[in-house]
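Let's take a walk through this protein together. Have a look at it first, and then we'll go from the overall build to the sheet and one single residue.

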Amino acid sequence: MLVLLAVRISVLFFDPGSLYADETQYWLWSRELDWGYYSKPPMIAWLIALSTAVFGDSDWAVRLLAPVLNTLTAGFLGLTAARLYGPRAGVAAAVMWLVMPAVWLSSAIMSTDAALMTGISASLYTLVRLREGGGWIWAAALGLALAFAFLAKYAAIYVFAGAGLAVLVDAPLRRALVSARGGLALIVFALPAGGNLAWNAVNDFATLGHTVDNANWGADLFNPGEALSFAADQFAVFGPLMMVMLIIAAIAALRSWTPDWNAASTALLLTAFTLPPLLVVTGQAFISRAHANWAAAAYAAGLILTVAFLLRGPVWRRWVLAGSAILHASAGALFVTLATAPQLADALGAESAFHRVREWPATADAVAAAAREHGAPTLVFDNRNDFHQMQRYGGHIPAELFMWRRFAGPHNYADTLWPLAPGFEGEVLVVSQRPHEAPLIEEDFARFEPAGEIVIALGPTRERRYQLFLAQGYDPVPRDAAFEARARALAEQTAGP
C-alpha cells in the first residue's frame, strides 16, 4: 500500500497537466474556509487548505491528499473485510480497492469522491466494531466518520439508507444501532453536519439547491438510454469482471434471506449498503441523467461483498479475482503512463482524455496579451471553467475578471461572486468560449465589436478557441421567455440538422 502511495504521489510531481476547472474552484474555496460552498459541502476545501498550507499552492500540493485518502479507504476496507471474513479477505479487499479502475483516476485528481469514500469506509469499519459489541468510543467514532463523509458529499446519505435496510436483516447490527450507542453516534454526527446545514440556511440553501438542480428533473422524464449508459459505465468504474461478480454476489445474498428476525447475515448486511446507491442513481439516470461516479458510495460495501464471494466456492472464482487485479493494475499503469507522457497519449489517440488539463498557463498568457493589446482594464467570460482557470493561472493578466450572467440569477460559483454589475459603463474585453451565445451577449451591451480570437493547440486534433469582443455599456436585457426562445434557436442553429 505504501509503495503504491509513493508511486501515486510521484506521479503528481511529474504530471505535466494543470488542474481541472473543478479542482481550481475547490482551491479557490480553500482560500476562504467556511462551513459550505455553492455546489459542495466544505470538506474538499478544508483538505486542500491543509495540504497547501504545508506544501504551498503548486498543482501537486492541491492534489496531494487524493492518493492519501484512497490509501486510507483501502486500509479501512481491509480492516472491515478482515473482521467479517478473515485476514485473507482483508488483504484482498485492500488490494482490489487500490487497483480499482476508478481509484486510479481518483488518486490523480482532487475530488469530493476520494474524501467521501474515506468517510464511508471508516463508517463501515466502525459500524462493524459496534456490531461486534464495541462501546461508546466506537459509537463516537461512527458519528465522526459519518460526519466526515457527509461534509465531503451529500451522497453519504446512502449510508443511512443502507443502515435502515441492514437493521431489518441483521440482528446484531440492529441491537447495536437501536440503542444508546446508536443515539450517541447520531449526536456526534449531527454536531459537525449541523454546521453545514446552518450555513445552507443562511445562504439560501445554495448547496442543497445545486444538488437538486443537478438532478435535472425539469426535462424529459423518460430516458432509458441514459439508464443503460450509466449501467454500462459502472463496469468501467468497478471493473468488468468485478461488476458481474458483484451482481451475482448480491443475488446470492438476497436469495439467502430468511424471515428469522434474530438472524445474522454478513452478506445481506453488505448488500443493504450496496444496493441503494446503484438502484437510486439508475432510477435518476432513467428519469434524467447521471454521471458514472454518482453511485460510488455502493462500492465500499460492494467490494467486500464481491471479494468475500470470490474467495469462497469453486477455484475459478480465485482466478477471476486474480485476473481482475492484474487487469486493473495494467489499466492503471497505462493511465499513469499516458497522463505523464502527452506525446505518447497523442500518438495513441488518447488526447481527448487529457485535453481539459492542457495548456492553461499558455492560455492565460494569450489572454493577458490580448488584454494588453486592446488596453482593456476589464475582462468578461461566459464560461465558469475558463474564468476559474484564469483566476489560478492568470495572476499576471492586467485586468479585472468578471462573469457574464446567462440567466437572471446566479447559476454557479463564478457568477455568484464575480458577476459583471448591471450598469457597468466601462469598456470590457469579452472572452467568449461559446460562439452560439455571442449574439445573446451582444444584446446586453450598447457597443459590441469583434476583436479577434485566441486559439491554443491542445494536441493534434484538439484546440481551445475564444472569440474576443470589445464591448461597452452593460445593461442586461430581461431573461424572459422571449430571451430563452432566442437562446434555444441559436443553440439549434449551432447544433445543425
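Helices (H or I, at least four residues) and strands (E, at least two) are DSSP runs, numbered from the N terminus. By that count, the protein has 24 helices and five strands. Its radius of gyration is 25 Å, close to the 23 Å from the globule rule for 497 residues, so the protein is as compact as a globular protein of that length. That radius is taken over C-alpha atoms, and the globule rule is 2.2 Å times the number of residues to the power 0.38.

A word on what you're looking at: this is a predicted model, where local features need pLDDT of at least 70, side-chain atom pairs count only at pLDDT 80 or more, and totals for chains, interfaces and linings use all residues. Residues are numbered from 1 along each chain as its sequence is written, and side-chain values use heavy atoms, with hydrogens and water left out.

Now for the overall size. Along its principal axes, the C-alpha trace spans about 75 × 50 × 50 Å. The accessible surface comes to about 21500 Å², and 66% of it belongs to carbon and sulfur atoms; such areas come from the Shrake-Rupley method with a 1.4 Å probe, and for residues only the protein chains shown count as cover. Of the 497 residues, 53% are buried, meaning under 20% relative accessible area (exposed is over 50%, partly exposed in between; 1.4 Å probe, protein chains only).

Next, the sheet. In what order do the five strands of the open sheet come? The order is β2-β1-β3-β5-β4, with mixed pairing; two strands pair if DSSP finds at least two bridges between them. β2 and β4 (445-457) are the edge strands, each pairing on one side only. On average, neighbouring strands are turned by 25° against each other, direction ignored. For angles, axes are lines fitted to C-alpha atoms (for helices, over the stretch in contact), and values run from 0 to 180 degrees between N-to-C directions.

Here are three of the pairings:

| Strands | Sense | Bridges |
|---|---|---|
| β1 and β2 | parallel | four bridges |
| β1 and β3 | parallel | three bridges |
| β4 and β5 | antiparallel | ten bridges |

Zoom in on β1 (residues 378-381). T378 and V380 point one way, L379 and F381 point the other way, and all of them are buried. V380 stands opposite F402 in β2, and V380 also stands opposite V430 in β3. To get from β1 to β2, the chain goes through helix α21 (residues 384-393), and this β-α-β crossover is right-handed. That means that, with the strands pointing away from the viewer, the path from the first strand over the helix to the second runs clockwise.

Over at β4 and β5, R447 has Q472 in β5 as its bridge partner. The hairpin of β4 and β5 has five residues between the strands, and G459 takes a positive phi near 160° there.

Finally, meet S51, which sits in helix α3 (residues 43-55). Is S51 buried or exposed? With a relative accessible area of 4%, S51 is buried. Leaving out residues up to four places away in sequence, S51 touches G56, A61, V62, L64 and L65, where contact means heavy atoms within 4.5 Å.
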